[in-house]
Amino acid sequence: MSTDLWPAGYALLELTQTDSTMAEAARRKDSLSGPVWIMAHHQTAARGRRGRPWVNQPGNLSATLLLRPPGPPEQVALRSFVAALALFDAFVAVTGRAEPFALKWPNDVLLNGGKVAGILLESLGNAHGVAHLAIGFGVNLAAAPAVGQVEPGAVAPVSLVSETGALVTPADFLPHLARAYAAHEAQFATYGFAPIRTAWLQRAARLGAVIRARTGSEDLTGTFQTVDASGNLILGTAHGPRAIAAADVFF
(Lines give C-alpha, C1' and ligand atoms only; values in the text may rest on other atoms or scores of the structure.)
Protein backbone atom coordinates (compact mmCIF):
# COMPACT_ATOMS: atom_id res chain seq x y z
CA MET A 1 0.00 0.00 0.00
CA SER A 2 1.34 3.41 -0.98
CA THR A 3 2.21 5.54 2.04
CA ASP A 4 3.03 8.56 -0.14
CA LEU A 5 -0.69 9.22 -0.68
CA TRP A 6 -1.81 8.51 2.87
CA PRO A 7 -3.24 11.63 4.59
CA ALA A 8 -1.69 12.93 7.78
CA GLY A 9 -3.77 12.44 10.91
CA TYR A 10 -5.53 9.27 9.71
CA ALA A 11 -4.49 5.84 11.01
CA LEU A 12 -4.88 2.52 9.20
CA LEU A 13 -5.87 -0.87 10.59
CA GLU A 14 -5.52 -3.63 7.99
CA LEU A 15 -7.11 -6.99 8.82
CA THR A 16 -6.95 -10.32 7.07
CA GLN A 17 -10.51 -11.18 8.11
CA THR A 18 -13.35 -9.88 10.27
CA ASP A 19 -17.11 -10.26 10.44
CA SER A 20 -17.58 -6.76 9.06
CA THR A 21 -15.51 -3.60 9.19
CA MET A 22 -18.55 -1.75 10.57
CA ALA A 23 -18.79 -4.21 13.46
CA GLU A 24 -15.04 -3.92 13.96
CA ALA A 25 -15.40 -0.14 14.19
CA ALA A 26 -18.13 -0.50 16.82
CA ARG A 27 -15.89 -2.73 18.93
CA ARG A 28 -12.92 -0.37 18.71
CA LYS A 29 -14.65 3.00 19.12
CA ASP A 30 -13.83 3.38 22.84
CA SER A 31 -10.09 3.19 22.14
CA LEU A 32 -10.23 5.74 19.32
CA SER A 33 -7.54 8.42 19.54
CA GLY A 34 -8.16 9.87 16.08
CA PRO A 35 -9.68 8.98 12.71
CA VAL A 36 -8.84 5.43 11.62
CA TRP A 37 -9.48 3.48 8.44
CA ILE A 38 -10.29 -0.20 8.98
CA MET A 39 -9.80 -2.42 5.92
CA ALA A 40 -10.45 -6.16 5.79
CA HIS A 41 -9.41 -8.49 3.00
CA HIS A 42 -12.33 -10.76 3.83
CA GLN A 43 -15.62 -10.19 5.66
CA THR A 44 -17.80 -13.03 6.88
CA ALA A 45 -20.94 -10.99 7.68
CA ALA A 46 -20.85 -7.81 5.59
CA ARG A 47 -24.00 -5.72 5.45
CA GLY A 48 -25.37 -2.73 3.61
CA ARG A 49 -28.12 -0.19 4.23
CA ARG A 50 -31.06 -1.22 6.44
CA GLY A 51 -29.26 -4.41 7.46
CA ARG A 52 -29.23 -5.88 3.97
CA PRO A 53 -26.45 -8.37 3.24
CA TRP A 54 -23.52 -6.97 1.27
CA VAL A 55 -21.91 -9.48 -1.08
CA ASN A 56 -18.19 -9.29 -0.40
CA GLN A 57 -16.17 -10.87 -3.21
CA PRO A 58 -12.39 -11.33 -3.38
CA GLY A 59 -10.55 -8.37 -4.81
CA ASN A 60 -13.18 -5.82 -3.78
CA LEU A 61 -12.64 -3.11 -1.19
CA SER A 62 -14.35 -3.35 2.19
CA ALA A 63 -13.37 -0.54 4.53
CA THR A 64 -14.78 1.64 7.29
CA LEU A 65 -13.66 5.06 8.41
CA LEU A 66 -14.19 5.57 12.14
CA LEU A 67 -14.07 9.14 13.41
CA ARG A 68 -15.61 11.47 15.97
CA PRO A 69 -16.86 14.53 14.12
CA PRO A 70 -18.21 17.59 15.92
CA GLY A 71 -21.68 19.02 15.45
CA PRO A 72 -25.29 17.90 15.76
CA PRO A 73 -26.45 14.60 14.22
CA GLU A 74 -28.02 16.24 11.18
CA GLN A 75 -24.71 17.91 10.31
CA VAL A 76 -22.69 14.77 10.97
CA ALA A 77 -24.95 12.83 8.59
CA LEU A 78 -23.96 15.14 5.71
CA ARG A 79 -20.68 13.27 5.58
CA SER A 80 -22.40 10.80 3.29
CA PHE A 81 -21.92 13.48 0.62
CA VAL A 82 -18.29 13.95 1.66
CA ALA A 83 -17.77 10.21 1.34
CA ALA A 84 -19.44 10.10 -2.08
CA LEU A 85 -17.21 12.86 -3.43
CA ALA A 86 -14.16 11.06 -2.06
CA LEU A 87 -15.16 7.86 -3.86
CA PHE A 88 -15.73 9.78 -7.09
CA ASP A 89 -12.28 11.39 -6.86
CA ALA A 90 -10.63 8.06 -6.07
CA PHE A 91 -12.21 6.45 -9.14
CA VAL A 92 -11.02 9.31 -11.32
CA ALA A 93 -7.52 8.99 -9.83
CA VAL A 94 -7.20 5.29 -10.65
CA THR A 95 -8.85 5.40 -14.08
CA GLY A 96 -8.00 8.86 -15.38
CA ARG A 97 -11.66 9.28 -16.40
CA ALA A 98 -14.54 11.18 -14.82
CA GLU A 99 -17.31 10.90 -17.41
CA PRO A 100 -18.44 7.28 -16.69
CA PHE A 101 -19.04 7.99 -13.00
CA ALA A 102 -22.04 9.59 -11.28
CA LEU A 103 -23.40 9.93 -7.75
CA LYS A 104 -26.79 8.47 -6.87
CA TRP A 105 -28.67 9.88 -3.89
CA PRO A 106 -28.31 8.99 -1.13
CA ASN A 107 -25.26 6.72 -0.93
CA ASP A 108 -24.19 5.08 -4.19
CA VAL A 109 -21.64 5.61 -6.95
CA LEU A 110 -22.56 4.61 -10.50
CA LEU A 111 -20.30 3.56 -13.34
CA ASN A 112 -21.84 3.54 -16.82
CA GLY A 113 -25.21 3.51 -15.06
CA GLY A 114 -24.48 0.49 -12.84
CA LYS A 115 -23.70 0.49 -9.12
CA VAL A 116 -19.98 0.20 -8.49
CA ALA A 117 -19.83 1.36 -4.85
CA GLY A 118 -22.02 1.93 -1.83
CA ILE A 119 -21.71 3.90 1.41
CA LEU A 120 -23.18 3.12 4.84
CA LEU A 121 -23.25 5.58 7.75
CA GLU A 122 -23.85 4.59 11.37
CA SER A 123 -23.69 6.67 14.53
CA LEU A 124 -22.00 4.86 17.42
CA GLY A 125 -22.10 5.83 21.08
CA ASN A 126 -19.37 4.80 23.48
CA ALA A 127 -19.16 4.11 27.20
CA HIS A 128 -18.94 7.85 27.87
CA GLY A 129 -21.92 8.74 25.69
CA VAL A 130 -19.72 10.35 23.02
CA ALA A 131 -20.95 9.79 19.47
CA HIS A 132 -18.66 8.38 16.83
CA LEU A 133 -19.39 8.00 13.15
CA ALA A 134 -18.61 4.89 11.13
CA ILE A 135 -18.61 5.32 7.35
CA GLY A 136 -18.56 2.01 5.51
CA PHE A 137 -17.35 1.73 1.93
CA GLY A 138 -18.01 -1.24 -0.34
CA VAL A 139 -16.36 -0.97 -3.76
CA ASN A 140 -16.70 -3.49 -6.60
CA LEU A 141 -13.17 -3.31 -7.90
CA ALA A 142 -12.75 -6.84 -9.26
CA ALA A 143 -16.22 -8.41 -9.23
CA ALA A 144 -19.89 -7.52 -8.92
CA PRO A 145 -22.75 -9.49 -7.35
CA ALA A 146 -25.13 -11.25 -9.70
CA VAL A 147 -28.29 -9.31 -10.49
CA GLY A 148 -30.29 -11.93 -8.60
CA GLN A 149 -28.41 -11.07 -5.40
CA VAL A 150 -29.69 -7.49 -5.28
CA GLU A 151 -33.12 -6.10 -4.54
CA PRO A 152 -35.59 -6.28 -7.46
CA GLY A 153 -35.66 -2.99 -9.34
CA ALA A 154 -32.36 -1.82 -7.92
CA VAL A 155 -29.57 -0.54 -10.15
CA ALA A 156 -27.62 -3.47 -11.56
CA PRO A 157 -24.19 -3.92 -9.95
CA VAL A 158 -21.02 -3.59 -12.02
CA SER A 159 -17.30 -3.82 -11.30
CA LEU A 160 -14.53 -1.38 -12.09
CA VAL A 161 -12.52 -3.92 -14.07
CA SER A 162 -15.45 -5.13 -16.18
CA GLU A 163 -16.49 -1.60 -17.17
CA THR A 164 -13.12 0.12 -17.57
CA GLY A 165 -10.49 -2.62 -17.80
CA ALA A 166 -8.67 -1.07 -14.83
CA LEU A 167 -7.46 -3.80 -12.47
CA VAL A 168 -7.04 -2.03 -9.14
CA THR A 169 -6.43 -3.79 -5.83
CA PRO A 170 -7.95 -2.66 -2.53
CA ALA A 171 -4.44 -1.76 -1.34
CA ASP A 172 -4.04 0.47 -4.40
CA PHE A 173 -7.47 2.07 -4.14
CA LEU A 174 -7.69 2.84 -0.42
CA PRO A 175 -4.87 5.44 -0.28
CA HIS A 176 -6.57 7.42 -3.05
CA LEU A 177 -9.88 7.18 -1.19
CA ALA A 178 -8.36 8.18 2.14
CA ARG A 179 -6.55 11.14 0.60
CA ALA A 180 -9.67 12.37 -1.20
CA TYR A 181 -11.80 11.96 1.92
CA ALA A 182 -9.35 13.97 4.02
CA ALA A 183 -9.40 16.80 1.47
CA HIS A 184 -13.21 16.98 1.32
CA GLU A 185 -13.51 16.62 5.11
CA ALA A 186 -11.18 19.61 5.55
CA GLN A 187 -13.31 21.59 3.10
CA PHE A 188 -16.50 20.61 4.95
CA ALA A 189 -14.99 21.55 8.32
CA THR A 190 -13.85 24.94 7.01
CA TYR A 191 -16.63 26.04 4.67
CA GLY A 192 -19.63 23.94 5.63
CA PHE A 193 -21.96 21.95 3.42
CA ALA A 194 -22.48 24.51 0.62
CA PRO A 195 -19.41 23.68 -1.51
CA ILE A 196 -19.87 19.95 -0.86
CA ARG A 197 -23.48 20.20 -2.03
CA THR A 198 -22.49 22.12 -5.16
CA ALA A 199 -19.80 19.58 -6.07
CA TRP A 200 -22.14 16.66 -5.41
CA LEU A 201 -24.90 18.11 -7.61
CA GLN A 202 -22.40 18.59 -10.45
CA ARG A 203 -21.84 14.82 -10.36
CA ALA A 204 -25.43 13.75 -9.61
CA ALA A 205 -27.15 10.99 -11.57
CA ARG A 206 -30.56 11.74 -13.09
CA LEU A 207 -30.73 15.34 -11.88
CA GLY A 208 -33.74 16.87 -13.66
CA ALA A 209 -35.11 13.46 -14.62
CA VAL A 210 -38.15 11.54 -13.38
CA ILE A 211 -37.28 9.07 -10.62
CA ARG A 212 -39.09 7.01 -7.99
CA ALA A 213 -38.42 7.38 -4.27
CA ARG A 214 -39.65 4.72 -1.87
CA THR A 215 -39.74 5.76 1.78
CA GLY A 216 -40.86 3.62 4.67
CA SER A 217 -44.48 4.72 4.10
CA GLU A 218 -44.77 6.07 0.54
CA ASP A 219 -43.82 5.36 -3.04
CA LEU A 220 -43.37 8.69 -4.83
CA THR A 221 -42.65 9.51 -8.46
CA GLY A 222 -41.46 12.91 -9.59
CA THR A 223 -38.63 15.02 -10.95
CA PHE A 224 -35.31 15.04 -9.11
CA GLN A 225 -35.02 18.82 -8.71
CA THR A 226 -32.09 19.22 -6.33
CA VAL A 227 -30.63 18.38 -2.93
CA ASP A 228 -31.35 21.04 -0.32
CA ALA A 229 -29.08 22.54 2.33
CA SER A 230 -29.98 19.73 4.73
CA GLY A 231 -29.13 16.96 2.26
CA ASN A 232 -32.76 16.12 1.51
CA LEU A 233 -33.74 15.04 -1.98
CA ILE A 234 -36.22 17.52 -3.44
CA LEU A 235 -38.73 15.69 -5.60
CA GLY A 236 -41.09 17.68 -7.82
CA THR A 237 -44.44 15.89 -7.67
CA ALA A 238 -47.92 16.62 -8.99
CA HIS A 239 -48.71 18.07 -5.55
CA GLY A 240 -45.63 20.26 -5.36
CA PRO A 241 -42.02 19.78 -4.18
CA ARG A 242 -41.38 17.16 -1.53
CA ALA A 243 -38.30 17.08 0.71
CA ILE A 244 -37.25 13.49 1.32
CA ALA A 245 -34.76 12.72 4.09
CA ALA A 246 -34.39 8.99 3.49
CA ALA A 247 -35.56 6.69 0.71
CA ASP A 248 -34.56 4.07 -1.79
CA VAL A 249 -34.34 5.68 -5.23
CA PHE A 250 -35.19 3.84 -8.44
CA PHE A 251 -34.64 5.01 -12.01
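Colleague: Which residue in the turn between β9 and β10 has a positive phi?

Modeller: That's G231, with a phi of about 90 degrees. β9 and β10 form a hairpin there, with 5 residues between them. Keep in mind that this is a predicted model.

Colleague: How many bridges join β9 to β10?

Modeller: There are 4, and the two strands run antiparallel. If you want a spot to look at, T226 stands opposite I234 in β10.

Colleague: And what do β8 and β9 form?

Modeller: A hairpin, with 4 residues between the strands. β8 covers residues 210–214 and β9 covers residues 219–227, and they pair in the antiparallel sense over 5 bridges. Look for R212, whose bridge partner in β9 is T221.

Colleague: What order do the strands of that sheet come in?

Modeller: It goes β11-β10-β9-β8-β12, an open sheet of 5 strands with antiparallel pairing. The edge strands are β11 (240–244) and β12 (248–250), and each of them pairs on one side only. From one strand to the next, the twist averages 45 degrees.

Colleague: How do β10 and β11 connect?

Modeller: Through 5 bridges, with β10 (residues 233–237) and β11 running antiparallel. One pair to find is G236 and its bridge partner in β11, P241.

Colleague: Okay, zooming out. How many helices and strands does the chain have?

Modeller: The protein chain has 6 helices and 12 strands. Its radius of gyration is 17 Å, close to the 18 Å that the globule rule gives for 251 residues, so the chain is as compact as a globular protein of that length. The C-alpha trace spans about 50 × 45 × 30 Å along its principal axes.

Colleague: What about the sheet with β1 in it, is the pairing there mixed or antiparallel?

Modeller: Mixed. This one is an open sheet of 7 strands, in the order β1-β2-β3-β7-β6-β5-β4. β1 (11–15) and β4 (101–104) stand at the edges with a single partner strand each, so one side of each has no neighbour in the sheet. Ignoring direction, neighbouring strands here are turned by 20 degrees against each other on average.

Colleague: Which way do β3 and β7 pair?

Modeller: In the antiparallel sense, over 7 bridges between β3 (residues 61–67) and β7 (residues 131–139). S62 is a handy marker, with G138 as its bridge partner in β7.

Colleague: Which strands does α3 lie across?

Modeller: β4, β5 (108–111), β6 (114–125) and β7, and α3 runs at about 140 degrees to β6. α5 packs on the sheet too, touching β1, β2 (36–40), β3 and β7, and the direction of α5 makes about 30 degrees with that of β3.

Colleague: At what angle do α3 and α5 cross?

Modeller: Roughly 135 degrees, with the axes of α3 (residues 79–95) and α5 (residues 170–191) coming within 8 Å. The two helices are therefore oblique to each other. Among the residues making the contact are L87 and F91 of α3 and L177 and Y181 of α5. By class, the contact has 14 nonpolar, 2 polar and 3 charged residues.

Colleague: Right-handed or left-handed crossing?

Modeller: α3 passes α5 in a right-handed crossing.

Colleague: Last one: which residues of α5 meet α6?

Modeller: H184, Q187, F188 and Y191, and they meet F193, P195 and I196 in α6. That contact has 5 nonpolar, 2 polar and no charged residues. The axes of α5 and α6 (residues 193–202) come within 7 Å and cross at roughly 135 degrees, which makes α5 oblique to α6.

Methods
Residues numbered from 1 in each chain as written. Predicted model: local features only at pLDDT ≥ 70, side-chain atom pairs only at ≥ 80, totals over all residues. Heavy atoms only, no water. Axes fitted to C-alpha atoms, helices over the stretch in contact; angles between N-to-C directions. Parallel < 35°, antiparallel > 145°, perpendicular 65-115°, else oblique. Left-handed = near helix turned anticlockwise from the far one by under 90°. Contact = heavy atoms within 4.5 Å. Nonpolar A, V, L, I, M, F, W, Y, C, P; charged D, E, K, R; others polar. Pairing = 2+ DSSP bridges. Rg over C-alpha atoms; globule rule 2.2 N^0.38 Å.
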